[in-house]
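Take a moment to turn the model around before reading on. We'll go from the annotated stretch of one chain out to its fold, then its core, and finally the place where two chains meet.

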Amino acid sequence: MAGLVRRRARRQRVLRWVIVTVLSIVFLLPLVALLEFTTRGPGGTLTWDTWRELFDFQQLSETYPVLWTGMKASFWLVLLSVALTLVLLVPTVVWVRLRLPRLRRLVEFVCLLPLTIPAIVLVVGLAPVYAWVVYFVGGSSLTLTFAYTILALPFAYRAIDTGLSAIDVRTLAEAARSLGAGWATVMWRVVLPNIRSAVLSAAFLTVALVLGEFTIASLLNRDNVQVAINQLGKSSATISFAVSLAALVLAFVLLFLLSFAGGKRRRSRRERTTS
Amino acid sequence: MSRRRDLLGVVPFLVFVGIFLIIPTLVVAIGAFLDDQNRVTLDNVTALADGYIVQAFVRSIVLSAVTAVLGAVIGALLGYALVTARPDSVVRRVVTSACGVLAQFGGVTLAFAFMATIGLSGFVTLFLRDSLGIDIFAGGVWLYDLPGLVLVYTYFQIPLMVIVFLPALDGIRPQWREATESLGGSTWHYWRRVAGPLLAPAFIGSTLLLFANAFSAYATAAALVSQGSPIVPLQIRSALTSEVLLGRENLGKAMALGMVVVVAVVMALYATLQRRTSRWLD
């Protein structure tokens with residue numbers, strides 16, 4: 001039996017490496033192609049000019065004003081969307097768990113609803129709503145924050161809900177309340193520190209989503225980095241390909257860091273259940 | 001502390017989703033049944049039976065189905081390879097993070113990546129032409145049309161399959177295999193009688209999710225397809241951006257409603273299968 005298990009483990013290891021290697025090559029090929037394309041110099045030479053240009057913000061903003069505007073908009077959209085998503089969702093989900101358990105199904109349904117409504121459909125319905133947004137707060141690209149918060153709801157909700165399920169919110173809150181803490185203190189100093197990694201993963205997922213969003217920005221005629229590279233793609237492919245690759249790498253780094261936060265959460269939950 | 005005061009706590013959230021999620025949904029659902037003067041009509045919905053719209057829906061559904069099945073099969077294989085590694089190993093971390101990026105980040109960036117790979121002056125195109133004398137576009141440039149969409153969509157479907165199917169694969173316990181073996185079953189028996197039936201609902205459910213994902217996708221197609229509007233999301237774009245079809249301003253809403261119906265049916269099936277899986281997963 002032991003020999004059999006060992007043999008199978010070896011066979012699985014070989015299989016694992018074959019599959020992972022083959023698919024890695026297939027999946028890395030388009031990314032390598034992006035890199036090759038952006039470093040292609042005249043007459044088959046290698047040049048890093050495009051990348052130097054990309055990280056020289058002064059020059060970039062002068063040569064490609066559209067791209068610069070888009071990058072700035074995306075930067076602020078990331079910050080605003082993360083802030084709005086967390087401010088809106090965390091207190092609500094905690095509050096519903098503590099005081100309004102009957103509304104839990106409703107809140108969950110609403111949060112997961114954007115999964116069944118494709119962004120291209122949402123944008124059709126958002127167009128008239130945004131006419132009002134322009135009337136009240138103006139037509140800045142940063143108003144996309146509202147739409148992005150909706151898009152982020154399912155992912156952020158799941159992350160926060162998983163985090164809250166791992167702790168006993170009710171007991172923690174009651175303990176804090178009986179020691180004289182107000183609701184703000186309960187939220188900020190008791191609940192939040194306990195779901196830090198869940199909040200972090202909700203934030204990271206929102207960042208990745210906002211960085212990659214194209215549909216709504218493009219069809220509502222707003223600027224963000226994806227709209228900019230799509231526009232530039234026709235005239236100056238090299239720089240927009242470079243931005244694409246940089247954005248992909250940035251998103252990968254974010255999610256890779258996130259995998260450590262998630263791992264810690266899983267481990268600590270297992271410790272709790274065994275102890 | 002009265003219940004009424006408790007309810008105040010969820011008001012900001014409900015007002016926000018009311019304005020930016022519920023109202024847009026209602027605009028689509030109701031607008032599909034209104035004409036330009038806001039009178040009730042079935043014209044928009046019956047217009048969905050027009051040849052070009054039916055074709056767009058058929059193409060969208062075929063594209064989604066083909067890439068969902070391809071993505072599901074290859075993704076499940078990659079998922080299985082990953083499960084045999086330890087959960088906190090570096091391979092697994094790197095692959096799942098990469099899958100997260102490629103599955104959800106997609107859009108314009110992926111379209112560009114494929115232009116750089118197999119576009120007219122792409123890396124692979126030039127290599128095949130100059131070194132091996134193979135012209136992949138001998139029969140016409142297919143990258144910027146439906147075949148190109150199948151390729152790029154499959155590229156983001158495989159990683160999504162890994163992400164959604166991995167939890168089910170993780171739920172498979174090695175003891176089940178040992179039990180099969182101690183009862184004299186072979187590897188074939190194990191997959192055919194134990195793991196297969198247990199994983200089947202999760203596999204079909206994940207495939208449905210992949211279908212919905214491809215069906216809803218817009219950015220990749222918008223960046224890649226240069227001529228015409230072969231699929232529904234691109235038809236909606238042209239309904240939104242062009243003024244050609246006068247008197248049919250709400251046709252886009254009817255198409256959008258059609259998309260919601262397809263996605264909702266698929267997601268309802270997915271939820272049912274997911275419930276079946278969760279019975280033994282935890």
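**A walk through the model**

Start with residues 71-258 of chain A: helix takes up 83% of this stretch and strand 0%, and the C-alpha atoms at its two ends sit 23 Å apart. Why pick those bounds? They come from UniProt, where an unreviewed entry lists residues 71-258 of chain A as "domain: ABC transmembrane type-1". Keep in mind that what you're looking at is a predicted model. For the complex, the predictor reports an ipTM of 0.85 and a pTM of 0.86.

Now zoom out to the whole of chain A. Its secondary structure amounts to 13 helices and zero strands, so if you follow the chain from the N terminus, you simply read α-α-α-α-α-α-α-α-α-α-α-α-α. Chain A is more spread out than a compact globule, because its radius of gyration is 23 Å, well over the 19 Å that the globule rule gives for 275 residues. Along the principal axes, the C-alpha trace of chain A spans about 75 × 75 × 35 Å.

How do the parts of the chain meet each other? Take the contacts in chain A between residues at least 6 apart in sequence: 77% of them join residues at least 24 apart. As for burial, 40% of the 275 residues in chain A count as buried.

That brings us to the inside. The largest nonpolar core holds 158 residues, and A:Ala156 and A:Ile160 are the ones that touch the most other members. Both domain 1 (2-38) and domain 2 (65-274) of chain A feed this core, each with at least three residues. If you'd like to see one spot up close, find A:Ile160. Leaving aside residues up to four places away in sequence, A:Ile160 touches A:Leu89, A:Val90 and A:Val93, along with A:Ile195, A:Ala198, A:Val199 and A:Ala202.

Finally, look at where chain A meets chain B. The contact takes 62 residues from chain B and 62 residues from chain A. On the chain B side, several helices supply at least two residues each, among them α2 (11-31), α4 (51-83), α5 (90-104) and α13 (251-281). Which helix gives the largest share of that side? It's α2(B), with twelve residues. As for confidence in this partner, the mean pLDDT of chain B is 85, and 96% of its residues reach 70 or more.

Conventions:
Residues numbered from 1 in each chain as written. Chains lettered and ligands numbered in written order. Predicted model: local features only at pLDDT ≥ 70, side-chain atom pairs only at ≥ 80, totals over all residues. Helix = DSSP H or I, 4+ residues; strand = E, 2+ residues; numbered from the N terminus. Rg over C-alpha atoms; globule rule 2.2 N^0.38 Å. Buried ≥ 20, exposed ≤ 12 C-beta atoms within 10 Å, placed from the backbone. Contact = placed C-beta atoms within 7 Å. Core = buried A, V, L, I, M, F, W, Y, C linked by C-beta atoms within 7 Å. Domains from an automatic or database assignment. UniProt positions renumbered as here; feature names shortened; annotations may be inferred. pLDDT = per-residue confidence, 0-100.
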